[in-house]
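User: Could you walk me through this one? I would like to go over the strands, the core and the charged pairs.

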Amino acid sequence: MPHSQTSAHRDSLQGVRIARGASPWLLPTVATAALSLARARKSKRAAAIAVPTTALAAGMLWFFRDPEREIAQGRVISPADGVVQSIMPWKDGRTRVAIFMSPLNVHVNRAPLAGTVTSVEHVPGGFVPAFNKESENNERVVWHFDTELGDIEMVQIAGAVARRIVPYIPQGTKVEQGDRIGLIRFGSRVDIYLPEGVDVAVEVGQVTTAGVTRIDRD
């Protein structure tokens, strides 16, 4: 990969690349599935349990996958996999692009630009569905990056199920565009604010890929 992966320390399980911060959820699930499978031949009860626990473990592995990406060229790239939920002009001249992440998406978020993390602020709040307008008041982590375009704000928003946001890096960290910076568990939203004068290249309903989809237009 051409970009630094200093922020991409990851857990691993049997050669499967999974997201850092997944272990508290994933390891107990996989252990339960493995135990029930081991006992399935000797116990009908264990065999009955093995089916749902194995399916759950497989689902967890899929959810916490952390694929490598070939980082695209462009001033601002998508910080999240998902669908563009809204594009909204802000009072201060910026434009907010909101990306909804379903449980089927990769939930590792990436730096939209190269720069220095100037602030990582956890803001307590509710847990309504991330596609709901009231999610503006949800639990969230607000990021600020000092970049060649100036200050760039990005917000990770927890959803109804995603009740834990895991930042990977602290304030003061220098990042390359596309570096992994954090994880949101189980369905959520990521907002990025483009500076005044920067045109949006995506449309509402468009599918985005973190590190790949360009958000701005020349």
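Analyst: What follows is a conversation about this predicted model.

User: Let's start with the sheet of three strands, what order do they come in?

Analyst: The order is β5-β11-β9, in an open sheet with antiparallel pairing. The edge strands are β5, covering 108-110, and β9, covering 165-167, each of which pairs on one side only. On average, and with direction ignored, neighbouring strands of this sheet are turned by 25° against each other.

User: And how many bridges hold β5 and β11?

Analyst: Three bridges pair β5 with β11, which spans residues 180-184, in the antiparallel sense. Within that pairing, arginine 110 has arginine 180 in β11 as its bridge partner.

User: Does arginine 180 come up again, and what does its side chain meet?

Analyst: The side chain of arginine 180 meets that of glutamate 68 in a salt bridge, with an N to O distance of 3.4 Å. Because glutamate 68 sits in the loop between α2 (44-63) and β3 (82-89) while arginine 180 belongs to strand β11, this pair ties together parts that are 112 residues apart in sequence.

User: Are those two buried or exposed?

Analyst: Arginine 180 counts as buried, because its relative accessibility is 0%, whereas glutamate 68, at 35% relative accessibility, counts as partly exposed.

User: How many salt bridges does the structure hold?

Analyst: There are nine salt bridges in the structure. One of them joins the side chains of arginine 94 and glutamate 153 at 2.9 Å, N to O. Arginine 94 is in the loop between β3 and β4 and glutamate 153 is in strand β8, so this pair ties together parts that are 59 residues apart in sequence. Arginine 94 is buried, with a relative accessible area of 17%, and glutamate 153 is buried too, with a relative accessible area of 13%.

User: What about arginine 189, what does it pair with?

Analyst: The side chain of arginine 189 forms a salt bridge with that of aspartate 191, at 2.7 Å from N to O, and both arginine 189 and aspartate 191 are buried. There is also a network of salt bridges that links Arg75, Arg214, Asp216 and Asp218.

User: OK, switching to the core, which residues touch the most other members?

Analyst: In the largest nonpolar core, which has 33 residues, Val97, Trp143, Phe145, Ile169, Val175, Ile181 and Leu194 touch the most other members. At least two residues of this core come from each of β4 (95-101), β7 (140-147), β8 (150-158), β9, β11 and β12 (188-194). A second, separate core has five residues, among them Val123, Val155, Ile157 and Tyr193.

User: Take isoleucine 181, what is it in contact with?

Analyst: Leaving aside neighbours within four places in sequence, isoleucine 181 is in contact with Asn109, Arg110, Ala111, Trp143, Phe145, Met154, Val166, Pro167, Tyr168, Ile169 and Val175. As a general point, nonpolar side chains tend to be buried together in soluble globular proteins.

User: You mentioned β7, so how does it pair with β6 and β8?

Analyst: Strand β6, residues 115-123, is joined to β7 by seven bridges and the two run antiparallel, and valine 120 has tryptophan 143 in β7 as its bridge partner. With β8, β7 pairs in the antiparallel sense over eight bridges, where arginine 140 has isoleucine 157 in β8 as its bridge partner. The connection from β7 to β8 is a hairpin through two residues.

User: Any loop residues worth a look, say histidine 107, and where does it lie?

Analyst: Histidine 107 lies in the loop between β4 and β5 and is buried, with a relative accessible area of 0%. The side chain of histidine 107 reaches the backbone oxygen of serine 102 at 3.4 Å.

User: And where is alanine 114?

Analyst: Alanine 114 is in the loop between β5 and β6, and at 35% relative accessibility alanine 114 counts as partly exposed. Although alanine 114 and glutamate 176 are 62 residues apart in sequence, their C-alpha atoms are 4.3 Å apart in space. Leaving aside neighbours within four places in sequence, alanine 114 is in contact with Asp146, Thr147, Val175, Glu176 and Gln177.

Terms used:
Residues numbered from 1 in each chain as written. Predicted model: local features only at pLDDT ≥ 70, side-chain atom pairs only at ≥ 80, totals over all residues. Heavy atoms only, no water. Pairing = 2+ DSSP bridges. Helix = DSSP H or I, 4+ residues; strand = E, 2+ residues; numbered from the N terminus. Axes fitted to C-alpha atoms, helices over the stretch in contact; angles between N-to-C directions. Core = buried A, V, L, I, M, F, W, Y, C linked by side-chain atoms within 4.5 Å. Buried < 20%, exposed > 50% of the residue type's maximum accessible area, 1.4 Å probe, protein only. Contact = heavy atoms within 4.5 Å. Polar contact = N/O pair within 3.5 Å; in protein donor to acceptor, adjacent residues only side chain to side chain. Salt bridge = Lys/Arg side-chain N within 4 Å of Asp/Glu carboxyl O.
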